[in-house]
Amino acid sequence: MAANSETVYIKADRDVEVTKPDVTLGDVVSMECSNPSIVPRLKTLKLLKFHHTDNKHQNRTAVSILKVIECIHEEYPNIDVQNMGETDFIVTYEEQKTAGGAVHYTKAAVVAAISFVGAAFSIMAFNNDVDTTKMFSQIYELLTGQKSDGFTILELTYCIGLVIGILTFFNHFGKKKFTVDPTPMEVEMRLYENDIQTTLIETYSRKEKELDVGTGSNGSHRT
């Protein structure tokens, strides 16, 4: 092959989702080379094939970056490959199914209802646990000398402050973010995803099911 003295740079994300069972290098890694004729060819090289494409089988596998380098060297034996991304990554096959608008609205309504009820229950349970009503009553009577009727300036400012505190903490209201920083929910979701990805990669590696050099042939890996 020509251009074997070139250097190709590859980068893979930790988790890659594909929408077709035949997976090529272009589906899972980003590539760059000074020779414009190399990258298009490399992107078409087949990396693996998912044989089970129904919901009864787990259409997911872990892949070592060495397998990607092996595929490249099969096409260009003397090319220099520089990995700029992950050393191991997960490939998930998921057929795209677009649900109707009514389904999306129903899901959003259910999630909103569950979140609202759950948050309200947590706040009420906390207030009941620390006996907030009694505390406000005692403070009001101490400051004014009058007995509280259960709805005073303390309860009103507490409710307003609770809403402001929640909005400030979550840094989010509808589609609007108050600052450019990620919200606490986004941070927790990223940490959760990282933990899942690390666990999956280690599990596949320990069970020797990771797609690596010497494990199966190109395009014939089964999950």
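Where is Asp131 found? That's the warm-up for a few exercises on this predicted model, where local features need pLDDT of at least 70, side-chain atom pairs count only at pLDDT 80 or more, and totals for chains, interfaces and linings use all residues. Residues are numbered from 1 along each chain as its sequence is written, and side-chain values use heavy atoms, with hydrogens and water left out.

**Exercise 1. Place Asp131 and describe its backbone and its exposure.**

Step 1. Asp131 sits in the loop between α4 and α5. Helices here are DSSP runs of H or I with at least four residues, strands are runs of E with at least two, and both are numbered from the N terminus.

Step 2. Asp131 isn't a glycine, yet its phi is positive, at about 55 degrees.

Step 3. With a relative accessible area of 35%, Asp131 is partly exposed. Buried means under 20% relative accessible area, exposed over 50%, and partly exposed in between (1.4 Å probe, protein chains only).

Step 4. Now look at Glu208, in the segment after α7. Glu208 has a phi near 55 degrees, again positive in a residue other than glycine. At 71% relative accessibility, Glu208 counts as exposed.

**Exercise 2. Check the spans of α4 and α5 against the expected values.**

Step 1. Set the yardstick: the expected span is 1.5 Å times one less than the number of residues in the helix.

Step 2. Helix α4 (residues 101-130) has 30 residues and should span 44 Å; its end C-alpha atoms are 44 Å apart, so that agrees.

Step 3. Helix α5 has 13 residues and reaches 18 Å from its first C-alpha to its last, close to the expected 18 Å.

**Exercise 3. Work out how the buried residues of α5 are arranged around its axis.**

Step 1. List them: Thr132, Phe136, Ser137 and Tyr140 are the buried residues of α5.

Step 2. Seen down the axis of α5, they fall within an arc of 135 degrees, so they line one face of the helix. The arc is taken from the directions from the helix axis to the C-beta atoms.

Step 3. As background, an α-helix has 3.6 residues a turn, so residues three or four places apart point the same way.

**Exercise 4. Find the aromatic pairs and classify each one.**

Step 1. Searching the whole structure turns up two aromatic pairs. Rings of Phe, Tyr and Trp (its six-membered ring) pair if their centres lie within 6.5 Å; planes under 30 degrees apart count as stacked, over 60 as edge-to-face and the rest as tilted.

Step 2. Take Phe50 and Tyr93: their ring centres are 6.0 Å apart and their planes are at 25 degrees, so the pair is stacked. This pair links distant parts of the chain, with Phe50 in the loop between β5 (46-49) and β6 (60-64) and Tyr93 in strand β8 (residues 88-93), 43 residues apart. Phe50 is buried at 1% relative accessible area, and Tyr93 is buried at 11%.

Step 3. Phe136 and Tyr158 make an edge-to-face pair, 5.4 Å centre to centre with 70 degrees between the planes. Here too distant parts of the chain are linked: Phe136 is in helix α5 (residues 132-144) and Tyr158 in helix α6, 22 residues apart. Phe136 is buried, with a relative accessible area of 11%, whereas Tyr158 counts as partly exposed at 26%.

**Exercise 5. Trace the salt bridges around Asp22.**

Step 1. The whole structure has six salt bridges, each a side-chain nitrogen of Lys or Arg within 4 Å of a carboxyl oxygen of Asp or Glu.

Step 2. Lys46 bridges to Asp22, with the closest N and O atoms 3.8 Å apart. That joins strand β5, home of Lys46, to strand β3 (residues 22-24), home of Asp22, across 24 residues.

Step 3. Lys49 also bridges to Asp22, at 3.2 Å, N to O. Lys49 lies in strand β5 too, 27 residues from Asp22.

Step 4. Through shared partners, Asp22, Lys46 and Lys49 join into one network. Lys46 is partly exposed at 37%, as are Asp22 at 27% and Lys49 at 26%.
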